Structures are given as C-alpha cells and as structure tokens.
Amino acid sequence: MLELYNMQVTPWHRYLYRVIVGSILIVWGIAELVPVPSDGGIIPTVLLSAGLAFLLAGVLRWRKYGNTPEKDERTRRIGAWGLSYSWILSLFFMTVLFLLDYLKAVSLTVQAALGASVVVMTLSALAFQLYLSNAGDVA
Amino acid sequence: MQTKIKEYRAALGLTQEELAARVRVRRETIVFLEKGKYNPSLRLAHGVAEVLGTTVDALFSFEDEEGGGAGGGIP
C-alpha cells in the first residue's frame, strides 16, 4: 500500500487511467443495452459517450504529448495571462454595452447582453492564449 | 536572452523531447527556450543546467537587455 502511495504518477499513467476508465464506461454502456431499454437508452448513451471521450482523450493525448507533461510552467503562465487579458477586454466590452444602452444607442435584452459577453469572454480567452502560445512567452 | 542549450544538448546527443521529459516540461517549451523566446523560472533553468551537466550562468546570457550582462547584479 505504501509503495502504491509513493509511486510517481507519470504522464503515461494518466493516459492509461483515461483509457481504462473509458473502456470500463464503454463496456458498462454496452451491458446496459443488452435488455433493450424502453426509455430510449439515455443511460447507455451517456455512458458510451463519456467512455469514448475518455478513451479518445487518453489515446490522442498520448500520441500528441508522449511522455512529456500536457502542462508545464510556460503553458500555465500563458493560460493565466490569457485569461487576465480576456477579463480586461470583457470588462471594456461590457462597459461599452452599458454606455450604448444608457445612451439609448441600442436596445439590448438581458439575454442578448449576457450571450454577447459569454461569447466575447470565451473567444478572447482562446485568442489571447493562442497568440501567447505562438509567441512563446507572455513577455 | 541568448542560450547555449542547443549546443550542450547536441553535445550530449539528447533530443528536444528527451530533454523535455527529463526536466518535465513540454517539448515546445524546450523549443522556445533554445530560441531565447521564453524566460524560464529559476527552478527550470537549474533543472536544465543540471541535466546538461553545466551551470545556469553558462547556459543563459542577457547581454542585449537592460541591466547589463550575465555578470551584472548587485553593485
């Protein structure tokens, strides 16, 4: 037990766990299908989808990253700075939306304002992270 | 920032991927380090120097940047 606790978890172990969990979920999902479910098979569908996602993530990431980690200090730094830049841009965007609405330049529903903010936050975070990732560093 | 990581790595016959695995970073990080586009943490710089059998001072130099060369520091 102590040996298991002290065992170093390498990237290979992490990918292996994903493949094992994915395989178990797929087998479980198939087993749930044996007596054909009358409710349309929601549970087997969820199990099979999750299992496939785990399995594919394990195999594809292993092929992509090999025995090197998925994240390191550079990617974590880029991730954090990308989110910070995105936060500032989103704040600016929401301020503009507020002013436009206040000045009655546009008429926005709550749904539209929230939707636009979510899109700007998500896309800008991805764009900043992609830009910084290609640049190599945040400096 | 200029580095001599590539020269030391080649002298040891290590690939970028092997070096990355030994210092536990992604291969891309080694690529950017060798190009001088990434300022590593002291911990990573020390780790790379240790794997390559040299010192941080021998690997990195900052001659073109404000603050002087590698030897510059506390007056």
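What span should the 24 residues of helix H3 (residues 42-65) of chain A have, and how far apart are its end C-alpha atoms? At 1.5 Å a residue the expected span is 34 Å, and the end C-alpha atoms of this helix are 34 Å apart, which agrees; the expected span is taken as 1.5 Å times one less than the number of residues.

## Model and confidence

This is a predicted model, in which local features need pLDDT of at least 70 and side-chain atom pairs count only at pLDDT 80 or more, while totals for chains, interfaces and linings use all residues. Residues are numbered from 1 along each chain as its sequence is written, and chains are lettered from A and ligands numbered from 1 in the order in which they are written.

The model scores ipTM 0.78 and pTM 0.70. For chain B the mean pLDDT (the predictor's confidence in each residue, from 0 to 100) is 85, and 84% of the residues of chain B reach 70 or more. Over residues 68-75 of chain B, however, pLDDT stays under 50, and for this stretch the model has eight contacts beyond four places in sequence, a contact being a pair of residues whose C-beta atoms, placed from the backbone, lie within 7 Å.

## Chain A

Chain A has five helices and zero strands, and its pattern along the sequence reads α-α-α-α-α; helices (H or I, at least four residues) and strands (E, at least two) are DSSP runs, numbered from the N terminus. Among contacts in chain A with a separation of 6 or more, 72% join residues 24 or more positions apart. Of its 139 residues, 12% count as buried, where buried stands for 20 or more other C-beta atoms within 10 Å of the residue's own, exposed for 12 or fewer, and partly exposed for values in between, with C-beta atoms placed from the backbone.

In H3(A) the buried residues are A:Leu47, A:Gly51, A:Phe54 and A:Gly58, and they pack against helix H2 (11-33) of chain A. An α-helix has 3.6 residues a turn, so residues three or four places apart point the same way. Just after H3(A), A:Gly66 takes a positive phi of about 60°.

## Core of chain B

The largest nonpolar core (a set of buried Ala, Val, Leu, Ile, Met, Phe, Trp, Tyr and Cys residues joined through C-beta atoms within 7 Å) has 14 residues, of which B:Ala20, B:Val23, B:Ile30 and B:Val48 touch the most other members. The elements giving two or more residues to this core are H2, H3 and helix H4 (42-51) of chain B, and H2(B) provides the largest share, four residues. Apart from its neighbours within four places in sequence, B:Val23 is in contact with B:Leu44, B:Gly47, B:Val48 and B:Val51.

## Positive phi outside glycine

Most residues other than glycine have a negative phi. A:Lys104, which is not a glycine, has a positive phi of about 55°; this residue lies in the loop between helix H4 (73-102) and helix H5 (110-135) of chain A, and A:Lys104 counts as exposed because it has 7 C-beta neighbours inside 10 Å.

In chain B, B:Arg24 has a positive phi near 60° and sits in the loop between H2 and H3 of chain B. With 16 C-beta neighbours inside 10 Å, B:Arg24 counts as partly exposed.

## Contact between the chains

The contact takes 14 residues from chain B and 12 residues from chain A. On the side of chain B that touches chain A, the elements giving two or more residues are helix H2 (16-23) and helix H3 (27-35) of chain B.

Technical notes:
Contact = placed C-beta atoms within 7 Å.
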